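Here is a short tour of one protein model, written for someone who likes to check the geometry alongside the text. Keep the viewer open as you read.

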Amino acid sequence: FDLMTMGKLNTHCFLWASEHYERNPLINARAPPVKNVLSVYGVNVETEIQQVFKRKARKKSNKTLASRYIIDRKSNLKSLAKSYGYKHKNGILYETKDTPQISVDGSIIYKSGDGTVPYASLQHVFRWKSSCNVEARELEGVEHRAMLNDSNFHKILLEYCTWPKGEDEDGSEKNNSSSEKIESTVTAKPVESPSVPPRDDPQATEFALPYPDN
């Protein structure tokens, strides 16, 4: 804060933070009205968390100069950043798998985010633990958007949203016919229909999905 005050950044920065961050209702939003929450995210991908700026004078008028701030691409903080578990490159500071983080139980762990979202933000879901059951699954080395194509993510999702064939949600036995209906809701098998091109048609791009009658 002292550096911000010396650089005359404190007023504008604090006003911006107050207006767009602290007063944002989503920051301290209540837990969603559900019983269970599963959060799945990637970890230990280098993730941008800070930028290093420098002053650059610009002409405001014929008689005055004004300061503007740009990323300092030539800043030299590599050694300092590395000593704290961060990576510095071209004025950008990244958290890495060696970056110390505070876990949900207050202990120190070493992790980074998913390449887009910092690890601390990925932990926000645990603020809801007093209102609902919160469970998290971390996918090692999986990037933010690439997770959608990750087989482990698909497996976790199916296991969480379904239950074993022959068992009900509470573990009791179910009859076979009901289990088959449940299975058909999560198995995307292309089927032929009068309004859909045959499966062997190379131009076919759309298929219907089988769903149970009820």
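## Strand 4 and the positive patch

Arg 68 sits in strand 4, which covers residues 65-71. This is a predicted model, so please read each value here as computed from predicted coordinates. Arg 68 has a relative accessibility of 42%, so it counts as partly exposed, a class that runs between the 20% limit for buried and the 50% limit for exposed.

Which residues gather with Arg 68 in a patch of positive charge on the surface? The other members are Lys 54, Lys 56, Arg 58 and Lys 74. Strand 3, residues 53-59, gives the most to the positive patch, with 3 residues.

## Around strands 3 and 4

Arg 55 also lies in strand 3. Its relative accessible area is 48%, and therefore Arg 55 is partly exposed. In sequence, Arg 55 and Ile 70 are 15 residues apart, while their C-alpha atoms are 6.6 Å apart in space.

The loop between strand 4 and helix 3 holds Asp 72. Is Asp 72 buried or exposed? Asp 72 counts as buried because its relative accessibility is 16%, and the limit for buried is under 20%. Asp 72 and Val 52 are separated by 20 residues in sequence, and by 5.7 Å in space from C-alpha to C-alpha.

## A nonpolar surface patch

Leu 77 is in the loop between strand 4 and helix 3 (78-83). With Leu 80 and Tyr 84, Leu 77 makes a nonpolar surface patch of about 310 Å². Leu 77 counts as partly exposed because its relative accessibility is 31%. That value also meets the patch requirement, which is over 30% relative accessible area.

## The largest nonpolar core

How many residues does the largest nonpolar core have? It has 10 residues. Val 37, Tyr 41 and Val 43 are among them, and the list goes on with Tyr 119, Leu 122, Val 125, Phe 126, Trp 128, Cys 132 and Val 134. Two elements, strand 1 (36-43) and helix 4 (119-122), give two or more residues to this core. Strand 1 gives the most, with 3 residues.

One of these core residues, Val 43, also takes part in a long-range pairing in sequence terms: Glu 143 and Val 43 are 100 residues apart along the chain, yet 7.6 Å apart in space, C-alpha to C-alpha. Glu 143 is found in the loop between strand 9 (133-140) and helix 5 (151-161). Glu 143 counts as partly exposed because its relative accessibility is 31%.

## Salt bridges

How many salt bridges are there? The count comes to 4, and three examples follow. The side chains of Lys 111 and Glu 138 meet in one of them, with an N to O distance of 2.3 Å. This pair links distant parts of the chain, 27 residues apart: Lys 111 is in the loop between strand 8 (108-110) and helix 4, and Glu 138 is in strand 9. Lys 111 is partly exposed because its relative accessibility is 22%, and Glu 138 is partly exposed because its value is 30%.

Glu 135 forms a salt bridge with Arg 137, where the closest N and O atoms are 2.9 Å apart. Glu 135 has a relative accessible area of 31% and so is partly exposed; Arg 137, at 27%, likewise counts as partly exposed. Lys 97 forms a salt bridge with Asp 98, with 3.7 Å between the closest N and O atoms. The cut-off for such a pair is 4 Å. Asp 98 counts as partly exposed because its relative accessibility is 45%.

## Two asparagines with positive phi

Most residues other than glycine have a negative phi. Against that background, two loop residues are worth a look. Phi of Asn 44 is near 65°, a positive value in a residue other than glycine. Asn 44 has its place in the loop between strand 1 and strand 2 (47-51).

Asn 90 is not a glycine either, and has a positive phi of about 55°. Where is Asn 90 found? Asn 90 is in the loop between strand 5 (86-89) and strand 6 (92-95). With a relative accessible area of 44%, Asn 90 is therefore partly exposed.

Key
Residues are numbered from 1 along each chain as its sequence is written. This is a predicted model: local features need pLDDT of at least 70, side-chain atom pairs count only at pLDDT 80 or more; totals for chains, interfaces and linings use all residues. Side-chain values use heavy atoms; hydrogens and water are left out. Patches are made of residues with over 30% relative accessible area and no salt bridge: like charges are joined within 9 Å, nonpolar side chains (Val, Leu, Ile, Met, Phe, Trp, Tyr) within 5 Å. Accessible areas come from the Shrake-Rupley method with a 1.4 Å probe; for residues, only the protein chains shown count as cover. Lys and Arg count as positive and Asp and Glu as negative; His and the chain ends are not counted. The place of a charge is taken as NZ of Lys, CZ of Arg, CG of Asp or CD of Glu. Helices (H or I, at least four residues) and strands (E, at least two) are DSSP runs, numbered from the N terminus. Buried means under 20% relative accessible area, exposed over 50%, partly exposed in between (1.4 Å probe, protein chains only). A nonpolar core is a set of buried Ala, Val, Leu, Ile, Met, Phe, Trp, Tyr and Cys residues joined through side-chain atoms within 4.5 Å.
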